[in-house]
Amino acid sequence: MTALLFVLFFVFMLLGVPVALAIGASTLLALQAQGVPLMVVTQQMFQGINSFALVAVPMFILAGDLMAQGKVSEKLVDFADALFGFLKGGLSIVSVGAGMFFAAISGSGAATTAAVGSSLVPELRKKGYEPASAASLIAASGTIGVVIPPSVPMIIYAVIAQQSVSQLFLSGFLPGLAMGVGLATIAIVQAYRRNYPRGTAFSLATIWQTLKSASWGLATPVIILGGIFSGIFTPSEAAVVAVNYALMVSLFVYRDLGIKDVYRILIRSAITTSVIMLVIATSAVLSWTLSSWQVPGAIAQSVLSISTDPYVIMLLVVAVILLTGVFIETASALIILTPVLLPLVTQLGIDPIHFGLIIVVGLAIGMITPPVAINLYVASSVTQLPLERITRAIIPYLLGLITVLLMVVYVPILLGLSG
């Protein structure tokens, strides 16, 4: 019966059926074939989204969209330029730095890519940067958006794995920083090879001025994460605070959004949220089905029969995560893989929080691996460059991010994670 389920799922995917419907339809038909009452499907769908922690998902999406559409992203780019622009190929470093700053606000890879790209692309072209390489770097920097907290995928993983959202957020800083350092290192090497120009001259006065302008945006992660880690409010409450703060900054401080703009952003965020919640609901049925059929345990035993060496098994796990990220978008892949792989890695003694970072970083890389590569599509839209050109240019950054993922897996102590 398990074979029937997966065959149906892949058939639906090949036919171009949306992921949520492919998951739901394949599971429904498999359960029907087994004679399970259909009431179970609706019960498990409701149970899958009946979690207080998931309230944070639409709120963080909305807060990120509000910040991305306003002047906050421009101010953050200006501040990053003041800090790093004086270096050789400084705008490349600015792309990474701005991506990291915005990652601490949005919780979304696509929003980070769009915000940084729309602000930086005109300047990159003006300074003579190779367009495809610049676009690919911006897309790669966007992957940090789901690793540095707040992070929507981390919230989803926490709900599925029944782990602490706060602990996942706290553990995401150093891996996110490592991703940024890796991308910046590759960008600097390319800058010297291509003889890119230096950008804004280093000036403490400029840094101070841009810091003051960007302070409203930079205060967002301080308020959100400071409130969470100090115990003032929960992650779900923090998400609501983030929306109110984003509205205040956009409407009354920078005054760059009007009521019509807010309405348009609300509609778009609602659509994004509805897609994610439908995926979570249908995937909950899939997870229940696999668990009732004892599939995760069978998979764990099969893998352990191949090898008992934890290093080999974790390499296989990483390969599965990366391969899944190529074909399935992040939220869907996370919901499908977590209940299957978590029992396996816990048998190896891997802490669930550590595995949460492994799967989030691995699936974040999927955002830049076609055909399902949302960050590349966003970068292509912002830069008006063909996807093929950006895909070829992304390879060095892709290898750099995979190296960081292997560090998260094999030397977690360097990134503040327990093995």
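The following paragraphs lead through a predicted model, from its annotated spans to its helix contacts, two buried residues and several backbone features.

The UniProt annotation offers a starting point. In an unreviewed entry, "transmembrane region" is assigned to residues 46-64, 76-94, 134-160, 172-192, 266-291, 311-342, 354-374 and 394-417. Two of these spans may be set against the coordinates. Residues 46-64 are 68% helix and 0% strand, and the C-alpha atoms at the two ends of that span are 27 Å apart. Residues 311-342 are 94% helix and 0% strand, with a separation of 16 Å between the end C-alpha atoms.

The helix contacts come next. Two packed helices are described by the angle between their axes and the distance between the axes. Helix 5, residues 72-84, packs with helix 6, residues 90-106, at an angle of about 135°, and the axes lie 8 Å apart. Angles over 145 degrees count as roughly antiparallel and those from 65 to 115 as roughly perpendicular, so helix 5 is oblique to helix 6. The crossing of helix 5 past helix 6 is right-handed. On the side of helix 5 the contact is formed by V72, S73, L76, V77, F79, A80, D81, L83 and F84. Helix 6 contributes G90, L91, I93, V94, G97, A98, F101, F102 and I105. Sorted by class, the contact of helix 5 with helix 6 comprises 14 nonpolar, three polar and one charged residues.

A second pair joins helix 8, residues 131-142, to helix 19, residues 374-383. The axes of helix 8 and helix 19 are 9 Å apart and make an angle of about 140°; helix 8 and helix 19 are therefore oblique to each other. Helix 8 passes helix 19 in a right-handed crossing. From helix 8, the residues A135, A139 and G142 meet N375, L376, A379 and T383 of helix 19. The contact of helix 8 with helix 19 holds four nonpolar residues, three polar ones and no charged ones.

A third pair is formed by helix 16, residues 310-327, and helix 21, residues 395-410, which pack at about 140° with their axes 11 Å apart. Helix 16 and helix 21 are likewise described as oblique to each other, and helix 16 crosses helix 21 in a right-handed sense. In helix 16, Y311, M314, L315, V318 and L322 meet I402, L405, L406, V409 and Y410 of helix 21. The contact of helix 16 with helix 21 divides into 10 nonpolar, no polar and no charged residues.

Two individual residues illustrate burial within helices. S95 is located in helix 6. With a relative accessible area of 2%, S95 is buried, because buried means under 20%. Apart from neighbours within four places in sequence, S95 is in contact with V116, L120, L124, L137, I138 and S141. Between S95 and L322 there are 24 Å from C-alpha to C-alpha, and 227 residues along the sequence.

L62 belongs to helix 4, residues 56-69. The relative accessible area of L62 is 10%, so L62 is buried. When neighbours within four places in sequence are set aside, the contacts of L62 are V243, I265, L266 and S269. L62 and A246 are 184 residues apart along the chain, while their C-alpha atoms are separated by 8.9 Å.

The backbone of the loops completes the description. The peptide bond from P149 to P150 is cis, with omega near 0°. P150 sits in the loop between helix 8 and helix 9, the latter covering residues 152-161.

Positive phi values occur at two residues that are not glycine. N195 has phi near 55° and is placed in the loop between helix 11, residues 173-194, and helix 12, residues 204-230. N195 has a relative accessible area of 56% and is therefore exposed, the cut-off for exposed being over 50%. Q384 has a phi of about 60° and lies in the loop between helix 19 and helix 20, residues 387-393. Q384 is exposed as well, with a relative accessible area of 65%.

Terms used: Residues numbered from 1 in each chain as written. Predicted model: local features only at pLDDT ≥ 70, side-chain atom pairs only at ≥ 80, totals over all residues. Heavy atoms only, no water. Helix = DSSP H or I, 4+ residues; strand = E, 2+ residues; numbered from the N terminus. Buried < 20%, exposed > 50% of the residue type's maximum accessible area, 1.4 Å probe, protein only. UniProt positions renumbered as here; feature names shortened; annotations may be inferred. Axes fitted to C-alpha atoms, helices over the stretch in contact; angles between N-to-C directions. Parallel < 35°, antiparallel > 145°, perpendicular 65-115°, else oblique. Left-handed = near helix turned anticlockwise from the far one by under 90°. Contact = heavy atoms within 4.5 Å. Nonpolar A, V, L, I, M, F, W, Y, C, P; charged D, E, K, R; others polar.
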